[in-house]
Structures are given as structure tokens and as C-alpha cells.
Amino acid sequence: MPTDFASLRAQFDLPEGVIYLDGNSLGPLPKAAAARVARTITQEWGQMLITGWNKAGWMAQPTAIGDRIARLIGAEAGSVVMGDTLSIKVYQALASALEMTPKRRVILSDTGNFPSDLYMAEGLCRTLGPAYQLKTVAPEAVLDAIDDTTAVLMLTEVDYRTGRKHDMAALTKAAHAAGALTVWDLAHSAGALPVHLAACGADFAVGCTYKYLNSGPGGPAFIYVAPCHQDAARPALSGWLGHAEPFAFDLAYRPGDGIERMRVGTPPVLQLAALEASLDIWDQADIQDVRAQSIALTNRFIAGVEAACPSLTLATPRNGDQRGSQVSFRHAEGYAIMQACIAHGVIGDFRAPDILRFGFTPLYTSEQDVDSAVAVLARIMAQSLWDRPEYKTRARVT
Ligand SMILES: *Cc1c(COP(=O)(O)O)cnc(C)c1O
């Protein structure tokens, strides 16, 4: 059955009069989430108290929900677990991957990667010693930069600024041919487009759930370890819940079975409850349909903006197959223009130095929304409505 997008949209709580094009940064509230979280608070936490860990299944949540995420990213059952934030999961995946390529010292990434991923890699290199280094090249130069010094290829599949998409299958194959492992960051892929971790032979992957997967601010991240590596991957963040027997309270660490070893500490039960409400909506969506609709929406937006706003420069690949589910335009006054858009009911965001970023999320974004957003942006540009002091003062979060 084809995905019924109108029915999905009706399951989100979207404020009146707002066109929300920022679900790539923070997904909106699923209507069922409030009641779902309230139930966890009052019936589970309130009534069960500590027995909720067993009775309500809180302790099993990170792997049970991991399996639901696995279906969205082409991963095997039992290969994904939830917890911590994405930055932490990047560190964890990298540390294990580096340990599995002991003769090599180079983490290869690209200059389009999200800074936190690069910072975590730098921090890990500092901990491991001066021989370890993070090397970054331009996104287009990654394939040629893979060589026999590369220990780990660490890439974010979809560039957070431009939406440019790497070829996961080809780059993973090249990394393997050179004897390197891969860590894929799916922050802008999971829930945005079909991902085929198992088919690509990806080694490690990480991602967050508060973007396209709508778990709410602070929702936990996930980590994937290919089944063939699960016994070899040693957790650097060896917390008690990744131990083989947390409740044996052994003084010595022994890694748990399979993906369980990538758990660190106590899971965020309330936030996982919110995520479950969102995944109930995802169960009604076919990711292939979502992708087709995403390309249609982004094409429509690009055509509309280019026709109406000649001073904005497209920063996203024009070919739909080569981008994620966002569209970015460059303009020197990008920050003020985005503030004006938000003041006029079209919410996107700004990424330094000059990127206006608009996320398209077929679960709740319609063609009508795209057309209305184009009309608002066209008016702001034609009448220079952005040129006001109050739109030029930078807030803490842009
Ligand atoms: C959003 C994002 C992050 C954020 O990491 P947190 O630890 O969840 O704050 C990291 N990396 C990438 C590529 C992102 O897009």
C-alpha cells in the first residue's frame, strides 16, 4: 500500500500558521507522544517505581527500539542500540574501529563533516597519543585520499550544510579494498532517505533521533555495529550496562554479547517513550515513498526559489539522487533573511557562514507548504523585508 502522507501529517502536532522546514534539525511533536510519555511517567515510574526496569521493560528498551531503527537504515536485527548523544556514539564507534585496525593511525574524514564529529576524533587522537591523526580532505577528494595508512574512514553521509550525499556503497568498498574500516554518521540520513548499511557492508554507523526521527530535544542517539564485528569491537566507554552481567557487579569489565556492549549507562526512559510514539508513525511509512516524495518536494522548492529569488545561490546538488532531504541557499545576509522567514511563519535555520537551510520531511510537509514557503521567501527578498536591525542580532542557537 502506498504511504498515506495526509494521514501521517494528521498525527503530528504542528502549530497553526507555521510552515515547519526544520525537521532536519528538530522533528516536531507526534500527537501521541505527550500521552505516551505521560503514561510512562504516571503508570510506570509513578506506580511501578524501580520495578519498572523489569515490569515495564525499561532495561530492554535500548535494543528493542534499536531493532525498530534498524529497519529504517537497512541494518540487521540485533545490530543497533540506543543511548547517549551522537557525539558520544561517534567517539565510541571510532575508538572501537581504531582498535580493530592496530597497524594504522589515520582517521580520514572530510571538511564538510559536522564539527562535533571532527572534535570527537581529535579528542580521541589526543588520548591515544601523538601517532594518531585526523586527516580531512574536501568531500570530493575523499575517494582518492583513502590509502594504506587509513585506519578508519569516518564520514557523515549527508552534509549538514549543503545536503550533498556521499556514495556510501562505493566509499565503503574503497575503504575495505584499502584495508580500512568505516564509520558512517547518519544524522541527516536516518528517516530522510533509504540507507542500506548491511548491503553496503558498513562497519559502524551512528545517528541521532531528534532530527528526522522526531524523538524530541535531547532524544538519544543510536549506534550500529556490523554483526561480523560485534565480538571484536571492544567498547572504549566501558560502562556497567555494556558489561556481560551488569548485576553481577564484577570488579573487572567483560563486554556484553553483541550490540549490548555498546550500551554505557542508564537509558533515557522518558525520551525513548517519546521516540516510540514517533516510530509508531514511521511504521505506517514506506521509506521508498518518503524518498520519492522528498525529491519531489525539494525539486519543487528549488524551482520555485530559483524562479523568484535570483539573488539566492543554490548550495545543494541539483540532482535529487545526490542530496539528502534538505535544500540550502547561500546569501551574504543569510542570517537576517532566515530571521525574517521565521517572523513570517516559515521556519528553517541558518548555518554559518552564509547558508539558509530548509528541511523537507514528507511525513508532515505538503506541496502546499512548499508553495507557501516559496511565496513568503519571494516577498522577503523582493521587498528586502530582511533588512531590519532586529533580524541581524545573532541568537545563541542559529
Ligand atoms: C546533529 C549532529 C550532531 C549532534 O550531535 P549531538 O551529540 O547529538 O549533539 C553530530 N553530528 C552530526 C553529523 C550531526 O548532524
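# Domain interface, ligand and salt bridges

Me: How many residue pairs are in polar contact across the interface of domain 1 and domain 2?
Reply: This is a predicted model, in which local features need pLDDT of at least 70 and side-chain atom pairs count only at pLDDT 80 or more, while totals for chains, interfaces and linings use all residues. Residues are numbered from 1 along each chain as its sequence is written, and side-chain values use heavy atoms, with hydrogens and water left out. A polar contact is a pair of N or O atoms within 3.5 Å; within protein, one must be able to donate a hydrogen and the other to accept it, and residues adjacent in sequence count only if both atoms are side-chain atoms. Across the interface of domain 1 and domain 2, with both residues at pLDDT 80 or more, the rule finds 10 residue pairs.

Me: Which element gives the most to the side of domain 1 that touches domain 2?
Reply: Helices (H or I, at least four residues) and strands (E, at least two) are DSSP runs numbered from the N terminus. At least two residues each of that side of domain 1 are supplied by α11 (287-308), β12 (326-330) and β15 (355-359). With four residues, the element that gives the most is α11.

Me: What area is buried between domain 1 and domain 2?
Reply: An automatic or database domain assignment gives domain 1 as 5-30 + 286-392 and domain 2 as 57-282. Buried area is the accessible area (1.4 Å probe) that two parts lose on being put together, summed over both. Carbon and sulfur atoms give 63% of the area buried between these domains, which is about 2200 Å².

Me: Which residue has a polar side-chain atom 2.5 Å from an oxygen atom of the ligand?
Reply: The residues surrounding the ligand (a heavy atom within 4 Å of it) include Asp185, His188 and Lys211. A polar side-chain atom of Asp185 lies 3.4 Å from a ligand nitrogen, and an N or O atom in the side chain of His188 is 2.8 Å from a ligand oxygen. The residue at 2.5 Å from an oxygen atom of the ligand is Lys211.

Me: How many residues apart in sequence are the parts that Asp280 and Arg68 tie together?
Reply: A salt bridge is a side-chain nitrogen of Lys or Arg within 4 Å of a carboxyl oxygen of Asp or Glu, and the side chains of Asp280 and Arg68 meet in one at 2.8 Å, N to O. Because Asp280 lies in helix α10 (residues 269-282) and Arg68 in helix α4 (residues 61-72), the pair ties together parts whose separation in sequence is 212 residues.
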